[in-house]
Amino acid sequence: MSLKIFPKKDTGWQVEKTGNDSAYAAGYGFINGKYMDAKEMAEFFIKSPCDNLSVFCDLVKSINGNFALIVSRGSNLFAAVDRVRSQPIFYCFKGGNLYIGDDVDSMKNAAGHVYVSPQAAEEYLMAGYVSGSNTLYDEINGFQAGECMGAKFGETGICLDVALKRYYLYYNTDKQHLPAAAMINDHDRVVKKAFERVAESAGGRKLIIPLSGGVDSRFVASMFKRIDYKNVLCISYGVAGNWETGISREAALRLGYEWLFIPYTRKKWRDISKSSEWRRFIYSFGNIVSIPNVNEWLAVSELKKNRAIPDDAIFVPGHTGDFISGGHIHYVFDENTDNITIDGLSEKMLKKHYALWPLMLKNPQIKKRAVCKLSESFKNFKLNSAQSIVDAYEYWEWQERQAKFIINSVRVYDFWGYEWRIPLWDSELMDFWGRITYALKVRKKLYLEYLEKTDSFGIFGNNLRRNKLYQKRALPGTLRNLVQYFRDTIAIYGMYGYFASTF
């Protein structure tokens, strides 16, 4: 069979074999309410009677967790990623051969003559990630969030056909038209079950919560307190005295959890940037679709090297309550969404999401290609109401920025050998928020009302709403850059020096 599977050792793949059949699994999941780690999932799928893509997709759809699967059975191959692509898979179909896995370097070497796509590189520079199934390489594609694959091989082993199917989309037209007060209890029930699943999967191991000054990480910490999970360490990091540290420490104190601060300095970033570890991470863990998300790099590396946490500790970040609860709608919509058009949506999305190199959008051809790529994402949706346009925008951000850049930050934990959980992307919680109307999601209306009502530990209070935490300062460009360099809370710009001309 002309099939090559490339699992990356850092992402915890487990494999089970029976005769010529094999099943690879990474991550974890709840199947029929039962928790399974990667090894148990591989065992489950090697025994499952999946003989076509539809049956496989139906089974994958029932899993609540963060996982990736590759199953080779007879002349068939099936593969899938979870609803947020938290464990990415890439594939290359070339010359009758199918290369699949997340070890892209090995895949490139095996496939040979794989070239960078100029259009993908262009989007990567503007947005920080490549949209759709594209990657930085012309002949290598990536699974999108909530996607399955089925491949058929002929008698000579040549790959005859590859089919892709989305078993899940973050796009639900069946909305709950109820006031916020009526939804709060339902949300609380769903959230509690999500965190109980994390607790079950952790089995008493130490949970590490990166606790910032933001709402979501405090929410995560408070939920573990509510379900009485005791083995928790809250960490904060950044330059000494940064505005988030005090909020983090006070929240941990009120919850009765241990708290640890990891100081960042510009010198630490300069030193680490020269290491072989750093370069291996930067070049291998963006996974050819995203800029690596590195904010927690120093914190996790110091925790590891100082043996400050157990090897079996599990990180639980607050990804991504801010988005799923509607906190990003205001980036492209005013409070009155009725006056938005699809053309206006594209313009606002470019301004928000394609702004890393603003001068690139001044080139008409580059801007036209970016608009065409956005339009391609929306072609199957009926954009005939304010709600439908909001849903389409959240669908796009879910599968692009959230799945490819924000959630990709868990690669830091993979690199240092730690497990992780992202309970705010629990399947039941996603289903709940998918049914909420934009009227309850704009400015996180329902989410903030829920937190105010359930704040039994007093960890939100007056700084619950983000605009009360700090005030933006209107400064001219050069002065703004200078202030940003020296007041950056994680000091990462110090890696290069203020006057560095290249990265």
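Helices (H or I, at least four residues) and strands (E, at least two) are DSSP runs, numbered from the N terminus.

**Figure 1. Overall chain of the predicted model.** The protein chain contains 18 helices and 16 strands. Its C-alpha trace spans about 65 × 55 × 55 Å along the principal axes. A compact globule of 503 residues would have a radius of gyration near 23 Å, and the value for the protein chain, 23 Å, agrees with this.

**Figure 2. Packing of helix α12 against helix α14.** Helix α12 covers residues 342–353 and helix α14 covers residues 386–406. Their axes come within 12 Å and cross at roughly 30°. Angles under 35 degrees count as roughly parallel, and α12 and α14 are therefore roughly parallel to each other. The crossing of α12 and α14 is right-handed. On the α12 side the contact involves L345, M349 and H353; on the α14 side it involves I389, Y393, W396, E397 and R401. By class, the contact of α12 with α14 has five nonpolar, one polar and two charged residues.

**Figure 3. Helix α5 and the residue that follows.** Helix α5 (residues 180–202) has 23 residues. From its first C-alpha to its last, α5 reaches 32 Å, close to the 33 Å expected at 1.5 Å a residue. G203, just after α5, takes a positive phi of about 60°.

**Figure 4. Packing of helix α5 against helix α17.** The axes of α5 and α17 (residues 445–453) are 10 Å apart, and the two helices pack at an angle of about 75°. This makes α5 roughly perpendicular to α17. From α5, the residues in contact are A180, M183, I184, N185, H187, D188 and V191. They meet L446, E449, Y450 and K453 of α17. Sorted by class, the contact of α5 with α17 has six nonpolar, two polar and three charged residues.

**Figure 5. The cis peptide bond between H319 and T320.** Omega of the bond joining H319 and T320 is about -15°. T320 is placed in the loop between strand β15 (314–315) and helix α11 (321–324).

**Figure 6. Backbone conformation at H113.** Phi of H113 is near 50°, a positive value in a residue other than glycine. The loop that holds H113 runs between helix α3 (104–111) and helix α4 (118–127).

Definitions and conventions
Residues are numbered from 1 along each chain as its sequence is written. This is a predicted model: local features need pLDDT of at least 70, side-chain atom pairs count only at pLDDT 80 or more; totals for chains, interfaces and linings use all residues. Side-chain values use heavy atoms; hydrogens and water are left out. Axes are lines fitted to C-alpha atoms, for helices over the stretch in contact, and angles run from 0 to 180 degrees between N-to-C directions. Angles under 35 degrees count as roughly parallel, over 145 as roughly antiparallel, 65 to 115 as roughly perpendicular and the rest as oblique. A crossing is left-handed if the near helix is turned anticlockwise from the far one by less than a right angle, and right-handed if clockwise. Contact means heavy atoms within 4.5 Å. Ala, Val, Leu, Ile, Met, Phe, Trp, Tyr, Cys and Pro count as nonpolar, Asp, Glu, Lys and Arg as charged, and the others, Gly among them, as polar. The expected span of a helix is 1.5 Å times one less than its number of residues. The radius of gyration is taken over C-alpha atoms; the globule rule is 2.2 Å times the number of residues to the power 0.38.
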